[in-house]
Amino acid sequence: IFGGVSVEHEVSIITAIQAMNNIDTKKYDIIPIYIDKKGIWYSGAMLRDIKIFNDLDLMKRYAKEVVLYKRDNEFILQSKRGLLRKDITSVDLVLPIMHGTKGEDGNLQGYLETVGIPFCESDTYSSVVGQDKVFMKQIWQACNVPVVKYDWFFDTDYQKDPDKVIEKLEKIGYPLIVKPARLGSSVGIAIAKNAIDLRNAIEDAIGYDTKILVEEVIEDLKEVNISVLGNYQKQHLSVVEEVGGSKDFLTYEDKYIGGGKGPSKGMASAKRIIPARISDEVLKEVNNVAIKAFRSLNSSGVVRIDFLIDNKTNKVYANEINSIPGSLSFYLWNKTDKEYQELLDDIL
């Protein structure tokens, strides 16, 4: 299941097409279910071809509008166009490949749990706290997972008394990074080096979310990511990558557009060095913190955890978790010990 109503809709399509192109078709029958930006569900074999998404009107002419429901202990995909309803197929297992709101944040997972159909990746609880960066940091702090200094507020707090909010945030110290609390893919994020920047960044961020996170910026910074595969019982770690953006942080364009030549490869488009240029001591700390961060949120399936390293002190901070990471982090696993097909097999 992919697409959805979030601003990361197009990224979800890329990740899903990559996965469908790599799933072992000798073991699995692939049933693509695409959710458009209005929340309408479609299915059809043509949805496995990324070119069909260049013309959504054409796609909707040929794909079937569908619903998923339970009947006699089976999970049925049924077309709902016109007066007659027709069973298309039964579904055994769902692989959610949606990023951001209404898909990665527990909404889809809650629906699937209500229907009763088995699904991969994190459950509803883990998905909720994995999407809300404030919940995430509060849980990590309680579990002694290191995070940078931060504060947060609601849009109404700022609209009611912006000076009070600014004064509170300035206690962290400039520069600051402003983030919508429940988005991903670096959407709506900005660096503020003074009060004017901070007001502008906040006013932009509240256009995306009602809950805003503001963190200290580590100025001599190295960003590294690691993927974790497993559940609360057992965790397997990927190689660590070092990522670099064209600005002060890794932007949406860095992650998904790259140099702009040819079609995007999703997160595989980002500039990266694998393995990361870090000491054995720092690597050990990243690995240990990654397992603690994964387990503290009760995550499962494959995730990506992003870290910040202060080059001056070698201090490691957990930045955020991605419960359904872009490209499912296959580019980390094929540098570790798994080609994409084997990674998908393990997830399924």
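Start with the whole chain in cartoon view: you should find 12 helices and 16 strands. Keep in mind as you click around that this is a predicted model. The radius of gyration is 21 Å, close to the 20 Å that the globule rule gives for 348 residues, so the chain is as compact as a globular protein of that length. If you turn the C-alpha trace along its principal axes, it spans about 60 × 50 × 40 Å. Colour by burial and 53% of the 348 residues count as buried. Among contacts with a separation of 6 or more, 64% are between residues 24 or more positions apart.

**Stop 1: the sheet at the start of the chain**

Select strands E1 to E6. These 6 strands make an open sheet, in the order E1-E2-E3-E4-E5-E6, with mixed pairing. At the edges are E1 (2-3) and E6 (86-90), each of which pairs on one side only. Now add helix H3 (residues 107-115), which packs on this sheet and touches E3, E4 (64-71) and E5 (74-79). The direction of H3 makes about 50° with that of E4.

Zoom in on E2 (residues 33-35) and E3 (residues 41-43), which pair in the antiparallel sense over 3 bridges. Show side chains here and you will find Tyr34 opposite Tyr42 in E3.

Stay with Tyr34 and pick one of its contacts, His9. Look for His9 in helix H1 (residues 9-20). Is His9 buried or exposed? At 2% relative accessibility, His9 counts as buried, the cut-off being under 20%. Leaving out residues up to four places away in sequence, His9 touches Gly3, Gly4, Tyr34, Ile35, Asp36 and Lys37.

**Stop 2: a pair of helices**

Next, select helix H4 (residues 124-131) and helix H5 (residues 133-142). Their axes are 5 Å apart and the helices pack at an angle of about 100°. That angle makes H4 roughly perpendicular to H5.

Which residues meet where H4 and H5 touch? From H4, select Val128, Val129, Gly130 and Gln131; from H5, select Lys133, Phe135, Met136 and Ile139. Colour this contact by residue type and it divides into 5 nonpolar, 2 polar and 1 charged.

**Stop 3: the four-stranded sheet**

Move along to strands E7 to E10. Here 4 strands form an open sheet in the order E7-E10-E8-E9, with antiparallel pairing. E7 (150-154) and E9 (190-192) are the edge strands, each pairing on one side only. Tilt the view to look across the sheet: neighbouring strands are turned by 25° against each other on average, direction ignored.

For a closer look, choose E8 (residues 176-180) and E9, which pair in the antiparallel sense over 3 bridges. Click Leu176, and its bridge partner in E9 is Ala192.

Two helices are worth adding to the picture. Helix H7 (residues 162-170) packs on the sheet, touching E7, E8 and E10 (211-216), and its direction makes about 165° with that of E7. Helix H8 (residues 195-205) lies across E7, E8, E9 and E10, running at about 10° to E8.

**Stop 4: strand E15 and its partners**

Now select E15 (residues 301-310). Of its 10 residues, 10 are buried, so E15 is largely enclosed by the rest of the structure. Bring in E11 (residues 221-230), which runs antiparallel to E15 and is joined to it by 10 bridges. One place to look is Leu229, whose bridge partner in E15 is Val302.

Then add E16 (315-322). E15 and E16 run antiparallel, joined by 7 bridges. Find Ile309 and you will see it opposite Val316 in E16. E15 and E16 form a hairpin with 4 residues between them, and Asn314 in the turn has a positive phi of about 65°.

**Last stop: Ser329**

Follow E16 onward to the loop between that strand and helix H11 (330-333), where Ser329 is found. Ser329 is buried, with a relative accessible area of 0%. What is Ser329 in contact with, leaving aside its neighbours within four places in sequence? Select Ser227, Val303 and Arg304 to see these contacts.

To finish, draw a distance from Ser329 to Lys137. The two are 192 residues apart in sequence and 22 Å apart in space, C-alpha to C-alpha.

Technical notes:
Residues numbered from 1 in each chain as written. Predicted model: local features only at pLDDT ≥ 70, side-chain atom pairs only at ≥ 80, totals over all residues. Heavy atoms only, no water. Pairing = 2+ DSSP bridges. Axes fitted to C-alpha atoms, helices over the stretch in contact; angles between N-to-C directions. Contact = heavy atoms within 4.5 Å. Parallel < 35°, antiparallel > 145°, perpendicular 65-115°, else oblique. Nonpolar A, V, L, I, M, F, W, Y, C, P; charged D, E, K, R; others polar. Rg over C-alpha atoms; globule rule 2.2 N^0.38 Å. Buried < 20%, exposed > 50% of the residue type's maximum accessible area, 1.4 Å probe, protein only.
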